[in-house]
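Grab a pencil and let's work through a few exercises on the structure below. Each one has a task, followed by a solution in steps.

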Amino acid sequence: MKDDKEIHAEDASAELGNEAGAKAMDAALRSSFVILKGVIGVLVVYLLFSNAFVVEENSEGAIVLRFGEVTTTEMDTVWKPGFRYALPYPIEEKVEVKRAQPVKTRKGWYAPGGRMEVGPDEEAPKPDAIQDGYVLTADEKVIHVKSEMQYRIQDPIRYAFEFHNAPDVLKMILDNAITSAAAQKTLAEIRQPAINNEKTFPELVEVRARELVEQYGLGLDVTGVTLAPVGDIELPHFVQKSDASLS
C-alpha cells in the first residue's frame, strides 16, 4: 500500500498537471477570442462599407432605397458625383441611373449588311420588305430613314421605376414619331426645305416625340431630333436608279 507521502505527492503532481492544462486552455481560448474579434471586426467593416459606391460625374446618378422606399428625392442628390454611402443590403439598396444617352433608331433603314455598311452598289437589290425597314410618305412613297433623339431626364425617380426599360420606350416613341411625321408630308415636301413657316420633317418628328413623352409621363424632356449628319433619309436603290432627279 502507498503511504501518505506517496499519495500526497501524486495529488500534488495531479494538481500541477491540471493547473498547467487549465493555463494552456486559457491561453488557447484567449488567442481564439482575439482571432474571433479580429474576424468580427473585419466583417463589421465589410458590412458597413459593402454598399459604398462612387458616382461618376456627367455619366450616371444613383437613387438609394431603404426597405424598398426611395430616400433620394432631390435632383442634386441623385446626380451628385463622388463617394456615396448606403447601409448594407437589404436595409438599403442603390439603383444606378444612367445619364441621358441619345436614342437611335434604324427601324426605317436598310438591314445590316446592306448599303449602309458596304456603300453604293450598282447591283443593289430592291427593298426587302422582310428585312429592310422603311416608312411611307403622304403620297405613298417609300423612304428609308434613320434618326437620333436627345433628351434630358427631369424626374429620375419616375424614369427609373415607372418603366421596365425606359430607353426601349423612348426608341418606340422615336419610331412612332418618324412614321407619323412621314405620313403628314409628301416625298417632295420631305426632301425640300419647309416654306410658309411649315414645320420641316425633323420638326414634325420632334413634335410627335414630345407629345408621346408627355403622354407616357417618362419624366424627361426631348431636347432635339436630328436626321443629319447623324441620321439620313434615302430613297430605295431602284428608285434612285430609275429617276435621277430624285437620287
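A residue is called buried when its relative accessible area is under 20%, exposed when over 50%, and partly exposed in between (1.4 Å probe, protein chains only). This is a predicted model, in which local features need pLDDT (the predictor's confidence in each residue, from 0 to 100) of at least 70 and side-chain atom pairs count only at pLDDT 80 or more, while totals for chains, interfaces and linings use all residues. Residues are numbered from 1 along each chain as its sequence is written, and side-chain values use heavy atoms, with hydrogens and water left out.

**Exercise 1. Decide whether Ser 147 is buried or exposed, and list what surrounds it.**

Step 1: Find the residue. Ser 147 sits in strand E8. Strands (E, at least two residues) and helices (H or I, at least four) are DSSP runs, numbered from the N terminus.

Step 2: Apply the cut-off. Ser 147 has 4% relative accessibility, so it counts as buried.

Step 3: Look around it. Contact means heavy atoms within 4.5 Å. Beyond neighbours within four places in sequence, Ser 147 contacts Val 103, Lys 104, Thr 105, Leu 174, Ile 178, Val 225, Thr 226 and Leu 227. Its side chain also reaches the backbone oxygen of Thr 226, at 3.0 Å.

Step 4: Zoom out to the strand. Nine of the 12 residues of E8 are buried, so the strand is largely enclosed by the rest of the structure.

**Exercise 2. Work out which strands pair with E8, and in what sense.**

Step 1: Recall the rule. Two strands pair if DSSP finds at least two bridges between them.

Step 2: Take E6 (residues 103–108). Four bridges join E6 to E8, and the two run antiparallel. Here Val 103 stands opposite Met 149.

Step 3: Take E7 (residues 135–136). E7 pairs with E8 over two bridges, again antiparallel, with Leu 136 partnered by Val 142. These two strands form a hairpin with five residues between them, and Glu 140 in the turn has a positive phi of about 60 degrees.

Step 4: Take E9. Six bridges link E8 and E9 in the antiparallel sense, and Ile 153 stands opposite Leu 220.

**Exercise 3. Find which element gives the most to the largest nonpolar core.**

Step 1: Define the core. A nonpolar core is a set of buried Ala, Val, Leu, Ile, Met, Phe, Trp, Tyr and Cys residues joined through side-chain atoms within 4.5 Å.

Step 2: Name its best-connected members. Of its 38 residues, Met 149, Tyr 159, Leu 170, Phe 201, Val 205 and Leu 218 touch the most other members.

Step 3: Pick the top contributor. Helix H5 (166–182) is among the elements giving two or more residues, and H5 gives the most, with nine. The buried residues of H5 include Leu 170, Ile 173 and Leu 174.

**Exercise 4. Say where the model's confidence is low.**

Step 1: Start with the whole protein. The average pLDDT is 75, and 73% of the residues score at least 70.

Step 2: Find the weak stretch. Over residues 114–119 pLDDT stays under 50, and the model has 11 contacts beyond four places in sequence for them.

Notes:
A polar contact is a pair of N or O atoms within 3.5 Å; within protein, one must be able to donate a hydrogen and the other to accept it, and residues adjacent in sequence count only if both atoms are side-chain atoms.
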